[in-house]
Amino acid sequence: MSAEPETAAWTAPATHEVIDADVLVVGGGIAGIQSSLDLADAGARVVLVEKEPAIGGKMAALDKNFPTLDCSICIEAPKLSEVIQHDNIEVLTLATLEGLDGEVGQFTARVHQRPRFVSDECTRCDDCVQACPQVTENEFDEGMASRKAIYTPYEQAEPGAYVLDMDTCLNTPPNNMPCDRCVRACVPDCIDFDLTATEYAVNVSTVIASTGFDLLNPQVVEEYGYGDHPDVLTSLEYERLLDAAGPTEGHILRPSTGEAPDNVLFVLCVGSRDQRHCDYCSRVCCMYSTKQAIQTMGHGVPDVTTLYMDIRAYGKGFDAFYERARDEGAEYRRGRPAAVDTSGPSPVVRFEDTERGELVEEAFDLVVLAPAIIPSDGTEALAAVLGVELDDDGFLVSTEADGDMIGTTRPGVYAAGCATGPKDIPDSVAEASGAAAKALEHVRERTWPEPIDVPPIDPSGEERVGVVVCDCGTNIADTVDVPAVVEWAAELPDVVYAEEVMFACAGNTQDHLTEMVIEHSLNRLVVASCSPKTHGPTFEGVVARAGLNEYLLEMANIRNHDSWVHDDREAATAKAKDMVKMAVDKAAFLTPLERITQPITQRALVVGGGIAGMTAAISLAQQGNETHLVEREAELGGVLRDLHTLHPGGRDAQALLEARLAELDAAGVHVHAGAEVENVSGFIGNFAVDLSTDETLDVGAIVLATGADLADAPEAFDGVASPEVVTNLELEGRLAAGEVDAETVTFLGCVGSRDGEQGCSRYCCQSMVGQAAQLAAEGVRVNVVAKDVRTFTRAAEEAYRDAAADGVRFFRYDAEATPEEAITIADGEVVFEDRTLGETVALPSDLVVMAMGLRATDAGVEGNVAQQLKVSRDEAGFLLERHPKLGPTEASVGGVFMAGSAQSPKDVRDATDQALGAAAKAGGLLAKDTVEQEPLVAQIDAEACTGCTRCAIVCPYNAIEGSVQEVHEVIEAACMGCGTCAAECPVDAITMPGFTDEQIRAQIDAALETNPEEKVITFACNWCSYAGADQAGIEKRTYPPSARIIRTMCSGRVDADFVDYAFERGAGAVLLSGCHIGDCHYIDANTYAQKRYERKRAKLERDEGFDEERLQLEWISAAEGRKFAEKMTEMDDIVNRYLASGGAAEAVADGGSSGEPRTDGGEPHGGDGGCSSDCTCGSKAGDGRLDDASDRPTDAGAGHDWPNDAAAGGDGA
Amino acid sequence: MSGSVLRLDDATWDRVDELTGGAASVCFQCGTCTATCPWGRFDGEPLSVRRLMRRAQLGLDGDDDADELYRCLTCRACEAGCPRGVDIVDAMLGLRQAAFAEGRAPGRLEQALWGVYEDSNPWDGVTSERGDWLDDVPDDVDVQVGGEADVLYYVGCAPSYDPALREVPVAIVRLLDAAGVDFAVLGNDEVCCGDVVKQAGEPDFFAELAESNAAQFTATGATTIVTSSPHCAETFAADYGLDAEVVHYTELLANLVEAGDLELGTLDRSVTFHDPCYLARGAGVIDAPRRLLEAAGVELREMAEHGARTLCCGGGGGNMWLESELDERFADRRATQAEATSADALLTACPYCVQNLRDGTKKVGADLPVDDLAVLLVEALEAADGGAR
């Protein structure tokens, strides 16, 4: 953060300003962004200081994230604009911290901000860039592309205006060449060379340092040839090659030849775990290199090799990701390059494959180095300004005084993310939220942003739809003829304006779109770009700022569902047009909705009294919330009670426990020990909780910190007499009591971890190394038999080396086998095949210690708290977080948060960080009086309702009241908006806002307007299948362009009528899709979709001349991109078969494919007393309601597809 | 895979641990050493140091392992890349001690050891003829034999007995003399430094040698000991526990040139320089020879592998006494590399390297004279004096 030499006149501050705020955040990467948003959302005023011209940090430069393969900037960009737009956050870019006086509670920070030379009036027309004659290396592309002296760091950069780089510009000392081409080119006259620096005095109570990291320049590892051969790259350079917005537009090309490589080598631990450079493990390289390996194969490179020493796939889903890479063909070889010969046309790498014991000398087209993570440039100077200490590696020292990694050596100064050592995004984000929690304890007064004050647009008149079609750089424009789509869209009915934009989500483009809505008096906006799941809120903000109700926005996902999954430009363009028309036609039926405001019960409940639960409870209480902590055991502490020494670092676990208990007391947390949560109901802001102690609590937020269980010991190791076999937890007790009676102890790693769905248990390697070192220090002979040694966490790799130096003997057993398969314990010995020697080794032992993996608690227990709260679980049974990267402490259920090993196995340090993060999130919610809820609540038309009770029967939330033959009513607060009732209602008396019958029919009509027989109407639920379709796009899994996706909140919303309607309109096929049974976001609403489907299929089977295969059902989860693509391919086959069978000809004969909707009830019907002439389903288009009750079908069961139980319930009523 | 079960024996493990100074335990078996080992580039069979250590720890080491151990050139190429900072050469020498004790050391190395025991040198030289090189020193150069001096010049066995190398000590004393250094040599009383004994794996005799030599050195009162060979220098510096500073002659001379005590004339020629591995990697002396070449006005044409990345001549670690059955030897490769630079001469600064590289150039038919740097420096000295001396 050191300022540049203050020689030039323009760097001397000419302006002085004072800002009063609560928290200063230094560093605007993802950690700083997360801290700022959490604080601001909790009512704290934040000043965010960033030395670069834009916030976003390294994450903005990444192409994809692991293990989700999310587009990195796509998930970060909404946060960038949120930060910029937040009234509680002041962002100072090009700024450095120069001084910090005072103490916690009353700091004054001196911040120096260099001028941008471009004022806010900039319209981003790019004329200045065109005019600028000076070219230099583009930092964002790691110098692999160029930029001008006046430039935007990257397209989505925030704040988005241009910036002038005075070091490159001609018109500044010491260059002194009068060049004002940009000024003359700038029509709005917003370039001003006379702008000067500003010095701010920022008054805050606390400071958060989130200064991130840099990569070690691999030139210092001389033998790897970086800088000597163009085809030896750093991982970050390679990341830019992978990025569609990067220098090669996403094509992997060899810098030497510009051609695609046939093979790529990834080299891990470049400077990490290396006494000559960085002793420590850099923690993230194993996984991002695995991600890059997967992407490389996805780009069609056939031969991908990774050289590793230990694969440190320690996080949630990491092991599965590593496995996926290998399944897809990536070769992992254990070894470390000795040298890279750069003299030839391709770099030649020499290494020993240590598992085969063979020397390899091989040429690779590209060699990608994963350099060590080092403290960001200027950390030393910043630490001096902050008055905090650095460790030997140059990272900020975290005192771990409270068990977390957040506290620094100066009270009131906190650290988050890579400032204290290498960390991945979820750990950084959790820690950043944790730092926010710490800072919130010092915020005296909360400040709330004023609501947007713009004149509202009345949408009630004639529909005026605006269409924006996004290029997404080249992501869309490369595959879809965007100008053609725009031109076409402009001619659609109701459309009054259409425009192409390069990046719709870029901050300044958002402003432009807001102005566009106002300027053209739009009352509906269609954004054809990416997924509403990631960017819906962004564009809702756009229309809201224009005064337009945010529910008058509709998105067409022409990226994930079109350009990313199709190769044929013509077909993709045609599909994009259909998708835009579907959105435009739906938009015409959109109505403004108002968010439902609910009061919040400002009281928190933490479930689970281990280290995570205690920490979260204390933090919540210290933030000023009445907090209740429920623990089923009689005593608090969880597993911490049985621990004595925390590894690495050797902290006293009991002292930490004592301190926590005292803090709980001091903070006034209401502890309910020996109590269980029996019943919990309600929703965000208003939960009702019944405890087993007959107490009842009304709370607004719930933190689940229910921990994890030790895995069961393998049967094969049970009852072995000699040597004695114990768990690591049992050993912990003996160690503390000084009762280890053994001369030789052998540890076994991965007992109950890395097995099937169970991934790495994350805590055990460092704990095992620590216990082993303790024993060795006492003179015991110690062996460690592990798969990989995953000492990834701070100071753990050093502990591993020290343990080896102190006599602990390390061996490796088969990583692909379970311990009981690979290891025999008998007759006083532990016998296994040593991987690095290829020999069977016997270790005489007195005691065997199993490093036990952790398993999800309560996963299969009926009625457990998580289940009652509808919090999903992952494949291993751990609680599923909202987003693996950016939402690690939140459940997808509002008002529910998670901490510690309940989410996935963690050590005390990580559990504490995450607990603080959860406390920040929960505290932020409780700081407000009210919470806003989506207005997607069912509405019953009292005049139409016949009181048949079907809706009440199928409602998963019992949110519909009413009895037989009485008009039903919806309990707004309880309705979650799945729409199952609306699908079920025989008289269509229920309206689902945002997903009305007429809106869905309009989409079907639009989709089938041309060549309907070639199309597959695909209903996809918002939570799983639509996300799965998004994922297919993210993974670039190509499938035929016949799919036309219609999003509903739940598959339960899909009315059987919609299927009929689609077939009547000539659809080639119809696919229903949703969450897997058991995973439904609305408990079991998808089971009704299944029942409807089964009845429909049964009926179609009886319908001669109709190929019932044309209707399909498939459960596709959010993670199953591949399955989605495969299903769409299968559906396309069905359509083709239908076309080949003459079905289409028939349809043509019927007028079905002439481009006009068919109006007769036609082909799909007929058969056994189904929808005959008296059926209403074909005549409801554009109407959606029956006016005449006499038109109701008399035999609903036959004519429509009621689920059996619902029908039975109805009949019985 | 042997199929048999290796049973870990604590005593064996501890012994290896002790012999290797703990190095074997710290190793995490990444194989960097194996892939670095220059042997791999000649016969495709590198020394797998990590494997040798692990096998020894488990008591699995047999005769094949001993052959491997003695193949090690101790050139330290592997150490440069070791991420765990393992002192690999020390570990190898430790393992050799075990092999020697079990009678698994190669016979020829044992013979050399007996030579040192009986005649104070491993080259079958006669003790009374050790100082014969002094006969070749020009009369106007005064060389003090024995007695006290600021600097003790230790000549070494190979330059003393190999007629082709005798010009080296002659050159060095001329240079020391020209620089006005107060120095002495030991003449016939000089005894082998013991490097070959140490390399063979015999610790007790080596300790004896070191003790008596050290006493002799101390008696001269020298504060600096300068050597012709980097091998001797390393042996003294690492194992003798001397108070005196031990330097290779290139370091001393480079400093003298810089201090203005030694004036060199300009030679019009180009040379390439082979860094001896004990000098460049062992002692980290890379600049000194180059500074001297620059002072002599010589154009230096570097080979691809130079400085810390130098390729061993094949003579280190006792391999001067062992036969290599390779079609292409290290020195042959080196000679070819040197020839490719089109330099007028190939220089180095180690007696073993001179001997091996002369063989190598002959074998590959390179028309390239091989000399010790000292010999060229004397020419430069003469050029400065206008040949007056």
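Select A:S346 first, in the loop between β18 (339-341) and β19 (348-353) of chain A. Helices (H or I, at least four residues) and strands (E, at least two) are DSSP runs, numbered from the N terminus. A:S346 counts as buried because its relative accessibility is 15%. Buried means under 20% relative accessible area, exposed over 50%, partly exposed in between (1.4 Å probe, protein chains only). Add A:R254: its side chain makes a polar contact with that of A:S346 at 3.0 Å. A polar contact is a pair of N or O atoms within 3.5 Å; within protein, one must be able to donate a hydrogen and the other to accept it, and residues adjacent in sequence count only if both atoms are side-chain atoms.

This is a predicted model: local features need pLDDT of at least 70, side-chain atom pairs count only at pLDDT 80 or more, and totals for chains, interfaces and linings use all residues. Residues are numbered from 1 along each chain as its sequence is written, chains are lettered from A and ligands numbered from 1 in the order written, and side-chain values use heavy atoms, leaving out hydrogens and water.

Next, salt bridges (a side-chain nitrogen of Lys or Arg within 4 Å of a carboxyl oxygen of Asp or Glu). Pick A:R333 and A:E358, whose closest N and O atoms are 3.2 Å apart. The pair links strand β17 (residues 331-334) to strand β20 (residues 358-363), 25 residues apart. A:R333 is buried at 7% relative accessibility; A:E358 is partly exposed at 34%.

Move to chain B. B:R76 and B:E234 form a salt bridge at 2.9 Å, N to O. Both B:R76 and B:E234 are buried.
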